[in-house]
Number of protein chains: 2
Amino acid sequence: MTSVIPSPELIASFTDIVGPDNALTGAGEVAPYLAESRGLYRGTTPLVLKPGSVDEVSRILRIATDTRTAIVPQGGNTGHVAGGVPREDKADVVLSLERLNRIRDIDPVGNVIVADAGCILADIQKAADGVDRLFPLSLGSEGSARIGGNLSTNAGGAAVLAYGNMRQLCLGLEVVLPTGEVWDGLRRLKKDNTGYDLRDLFIGAEGTLGVITGAVLKLFPKPRGHQVAFAGLASVEDALELFDRASSLCGPALTGFELMPRLGIEFTTRHIPGVRDPMGSVHPWYALIDISTSDSAESADRMVQSVLEAGIGDGLVENAVVARSEAQSKALWHMRESMSPAQKPEGGSIKHDVSVPVSSIPAFMAEADAAVLKAMPGARICAFGHMGDGNIHYNISQPVGADTRAFLDRWREMNAIVHAVVLKYDGSISAEHGIGQLKRDELAAIRSPIEIELMRRIKHAFDPAGIMNPDKVLRAE
Amino acid sequence: MTSVIPSPELIASFTDIVGPDNALTGAGEVAPYLAESRGLYRGTTPLVLKPGSVDEVSRILRIATDTRTAIVPQGGNTGHVAGGVPREDKADVVLSLERLNRIRDIDPVGNVIVADAGCILADIQKAADGVDRLFPLSLGSEGSARIGGNLSTNAGGAAVLAYGNMRQLCLGLEVVLPTGEVWDGLRRLKKDNTGYDLRDLFIGAEGTLGVITGAVLKLFPKPRGHQVAFAGLASVEDALELFDRASSLCGPALTGFELMPRLGIEFTTRHIPGVRDPMGSVHPWYALIDISTSDSAESADRMVQSVLEAGIGDGLVENAVVARSEAQSKALWHMRESMSPAQKPEGGSIKHDVSVPVSSIPAFMAEADAAVLKAMPGARICAFGHMGDGNIHYNISQPVGADTRAFLDRWREMNAIVHAVVLKYDGSISAEHGIGQLKRDELAAIRSPIEIELMRRIKHAFDPAGIMNPDKVLRAE
């Protein structure tokens, strides 16, 4: 890949396609497209393009391939791995999908919604709600994340346990290839065994194989019953046992099982306005149990009672509260979703988004904690997350009184320590956030050469000029 | 691809790898590997190899790539599209996975089973049952189908509605590449966003990209409640409305919704020993409704009652029976699963395995029926299947008294008529059986050139020598 600054003529060609109002070059205009919220990376760009149609995307990419201009597709820019922002000093052109934000069709009988990739996730949720259906993908950033980005990162979030991640929620895609051709795979079929699975190749490819411009997403009947409980637990082992009981008793009605440490409760009650500890007693660990039932509100009540009775009877649950209203349910979820922001006022935080087989969570947590505390005595481990999916956000807050800069300088070192334990348990160094630039070289180091080689061959087969989001997922050749 | 008959030296090299007992060359020995049960295709082979380890598979493929010898992987040989049998007069070597039939590990807490690709599906079901878990894939051929074939065809079957097809049931794969390298993707993770989705590329690739040798499959808690109802209906429209009520009332507890025509009931009661019409009344259409609940047997009873009450109240259900025992449930399912074999004594049968968006099923059925009867007056349409998945086995029995040979000679013509209506409704010409040789040229004709081109590029990237199951899915170049 060359990284030549586009000539004025080339910028003019791109500008002609989208119109001058949708081609940004001023430093102030392009600034919001350059950095993610965590601020680990800051890219540069000579040009941000905001196409208004699939055809415009196609024309942009055709020119980009012809001129070997690097293109970085961007949705809501809510990523965490520097996959959707341009590289530093490489003259990447940013392609924002924000104007492609039309809901094309919604079919409640067929349980599908067809939407442009630039639609905001919350708008998809609202549209589904408007026809008495549920679109279950649920993220902290749902008010600004766009579904093209959700697809490109195979987003997860809070409802994966019952509904799966974005891969499971998508039936069809429309993709503009790097060479400008449009692949129309906007199928609405639950079963379709006709050749290679192109859809799942684009999902999770982080924009390196083409630009997703539209998608067919699944809708679901709205649950009639919803119940949330919050349980105080002595250990992660007990949490695993309780999860096993809950999933056996509830099956697919178990829509969430979130693990939280005492430290996370302390951080959220201390720093997040309105968050209160729902219990009078103190426990080392907590589980948020979310149950949704199709048939009736009573069945959700019955299920939550049976889970808690089993948990108390077996000595797994030390104390528990059940939400008495949707408002109380929301308050419990708000506490869970505040775990990450509540760490900010405590100083620097080194983050990990890892997964291990569910049955290995207790062993993983014990070993990772020991390794982290050995390397950094006083580190405050705030590991929480989607226990039912084996996905732990293993975050480390700086020791009290430590120098934040010095602490953050140890980011890679602490990553290596935690990821070594993850790999010991055949886990993943990126459960839901993806690879981007942040984990690219680490991925290449931990995966077998043949796996990286297969990925490279796919990249080359789809993007021979290497223009699509270069240096993300794989290092550009 | 050349199609030279392997030299005696080459046959000796292959034989050295597996041992003489596992290298078959006699006409009688190789016969069972050459034809599928439907008998539409009959291939030829100079050699059937039965490797006993992943390493043996790897050594065979390395030699095959070096010598450009075509390899046809075969599981239980229960396919319907001539994807797992050798081509005619091409000297393809058959690679049977039947000896790789070891269950490597089973973890009920982690809800996974790790197995060799040659394990028989029913053995996986039994192993799961032995640790109080469910492996939900359920097919008519489960007593002989092997999971490598289930994966390579992305098998569907009776439980897709609630549990998904094989793609959704697989967490990880081990694959031997055409060049002999082994890709170890045997991950047990529910969430893992680390690069391109190689797993889903191999699933459904029908053995054209590599040989699946092992897999990590998901297990589920066993349902505590199970209930089956059988409802008589006036029309396909009413069946769709009833399905909508049932899925809204039951959510993921609705584990089956099968549609059957009156003709199918007549065929099964006439020809299949032990099958009796469970109702005294006659109806144009029938639905088999299968409900599984996690929490209790009572909740399944409650759900089935509420579905039938809603259906009767809204005038959708003309008559209904509910199974009073597991034996009665099995008898209802046996009737459904006998629909296809019951057509045999009625003479020739032209088959279609199609899907359309669920909400388009009534319109599709009406138009397809009209087109078929116009082309062939007296044709007896026996269209049944997985309504909840939009998947109809649209089978046509010959007119009474017609000449079977002359009828079957119109196979392609009738396919074209039915598939034209399928495509009008953006449907699939192969919902669950795959492409193989049977639908290969039709796929190339109906899909956009860029889609076929992307598939070709993937094929070339994975199998540069073109040795893996050539002429299946894509025509060999």
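This passage looks at one helix of chain B and at a few salt bridges in a predicted model. Local features are kept at pLDDT of at least 70 and side-chain atom pairs at pLDDT 80 or more, while totals for chains, interfaces and linings use all residues. Residues are numbered from 1 along each chain as its sequence is written, chains are lettered from A in the order in which they are written, and side-chain values use heavy atoms, with hydrogens and water left out.

Take helix α11 of chain B, residues 297–313 (helices being DSSP runs of H or I, at least four residues, and strands runs of E, at least two). Its 17 residues reach 24 Å from first C-alpha to last. Buried here (under 20% relative accessible area, with exposed over 50% and partly exposed in between; 1.4 Å probe, protein chains only) are B:S299, B:A300, B:M303, B:V304, B:V307, B:L308 and B:G311. They sit on the same side of α11(B), because they cover an arc of only 165° around the axis (taken from the directions from the helix axis to the C-beta atoms). That side packs against β12, α9, β14 and β15 of chain B (contact: heavy atoms within 4.5 Å). B:E309, B:I312 and B:G313 are exposed on the face turned away.

As for salt bridges (a Lys or Arg side-chain nitrogen within 4 Å of an Asp or Glu carboxyl oxygen), the count is 69 over all chains. One of them pairs A:E241 with A:R245 at 2.4 Å; the two are 4 residues apart in helix α9 of chain A, so about one helical turn separates them. In chain B, B:R475 meets B:D441 at 2.8 Å, N to O. This pair ties together parts 34 residues apart in sequence, since B:D441 lies in helix α16 and B:R475 in the segment after α17.

Methods:
Expected span 1.5 Å × (residues − 1).
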